Amino acid sequence: MLFVFDAPAKHGFWMRGMNFPLDFIWIRDKTVYELTRNVPPHTEGEVPVMLEPYYPIDMVLEVNAGTIDRLGIREGDKVVIRQ
């Protein structure tokens with residue numbers, strides 16, 4: 001799922017309601033700025049972990065865990081968005 005924000009900021013996420021692990025691709029100006037791999041789903045009864053990028057971003061792409069490594073995505077890669 002792609003989340004697009006009006007302005008760059010350190011937008012936070014947590015894994016509420018997820019049943020499987022995810023990778024997070026943090027994007028700014030259509031450039032991959034940071035990668036977070038294999039984030040486990042939230043477990044009921046535990047305090048949720050808030051994920052936040054190191055740099056302000058204007059988009060974040062959530063994909064199935066392992067996708068970053070499988071596709072060889074790296075920081076600095078350019079992002080193309082097709083509609």
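# A tour of the sheet, its salt bridges and a pocket

Begin by selecting strand S2 and strand S3 (residues 31-39), which pair in the antiparallel sense over six bridges. The model is a predicted one, in which local features need pLDDT of at least 70 and side-chain atom pairs count only at pLDDT 80 or more, while totals for chains, interfaces and linings use all residues. Residues are numbered from 1 along each chain as its sequence is written, and side-chain values use heavy atoms, with hydrogens and water left out. Strands here are DSSP runs of E with at least two residues, helices are runs of H or I with at least four, and both are numbered from the N terminus; two strands count as paired if DSSP finds at least two bridges between them.

**Along S2**

Stay with S2 and pick out Ile 25, whose bridge partner in S3 is Leu 35, and then Phe 24, whose partner in S3 is Thr 36. Now add strand S4 (residues 57-64), which runs antiparallel to S2 and is joined to S2 by six bridges. Ile 25 stands opposite Leu 61 in S4, and Trp 26 stands opposite Val 60 of that strand.

How many residues of strand S2 are buried? Six of the seven residues in S2 (residues 22-28) are buried, so this strand is largely enclosed by the rest of the structure. Buried means under 20% relative accessible area, exposed means over 50%, and partly exposed lies in between, using a 1.4 Å probe and protein chains only. S4 is mostly covered as well, with six of its eight residues buried.

**The whole sheet**

Next, select S1, which runs antiparallel to S4 and is joined to S4 by four bridges; here Ala 9 stands opposite Ile 57 in S4. With this strand added, you can follow an open sheet of four strands in the order S1-S4-S2-S3, with antiparallel pairing. Strand S1 (2-9) and S3 stand at the edges with a single partner strand each, so one side of each is left without a neighbour in the sheet. On average, neighbouring strands of this sheet are turned by 20° against each other, direction ignored, where the axes are lines fitted to C-alpha atoms, for helices over the stretch in contact, and angles run from 0 to 180 degrees between N-to-C directions.

**The hairpin and the salt bridges**

Move to the hairpin of S2 and S3, which has two residues between the strands, and select Asp 29, which takes a positive phi near 50°. The side chain of Asp 29 meets that of Arg 28 in a salt bridge (3.9 Å, N to O), a term for a side-chain nitrogen of Lys or Arg within 4 Å of a carboxyl oxygen of Asp or Glu. Arg 28 is partly exposed at a relative accessible area of 26%, whereas Asp 29 counts as exposed at 55%.

The structure holds two salt bridges, and in one of them Asp 69 joins Arg 37, with the closest N and O atoms 2.8 Å apart. This pair links distant parts of the chain, since Asp 69 lies in helix H1 (residues 67-71) and Arg 37 in strand S3, 32 residues apart. Asp 69 counts as exposed at 53% relative accessibility, and Arg 37 as partly exposed at 43%.
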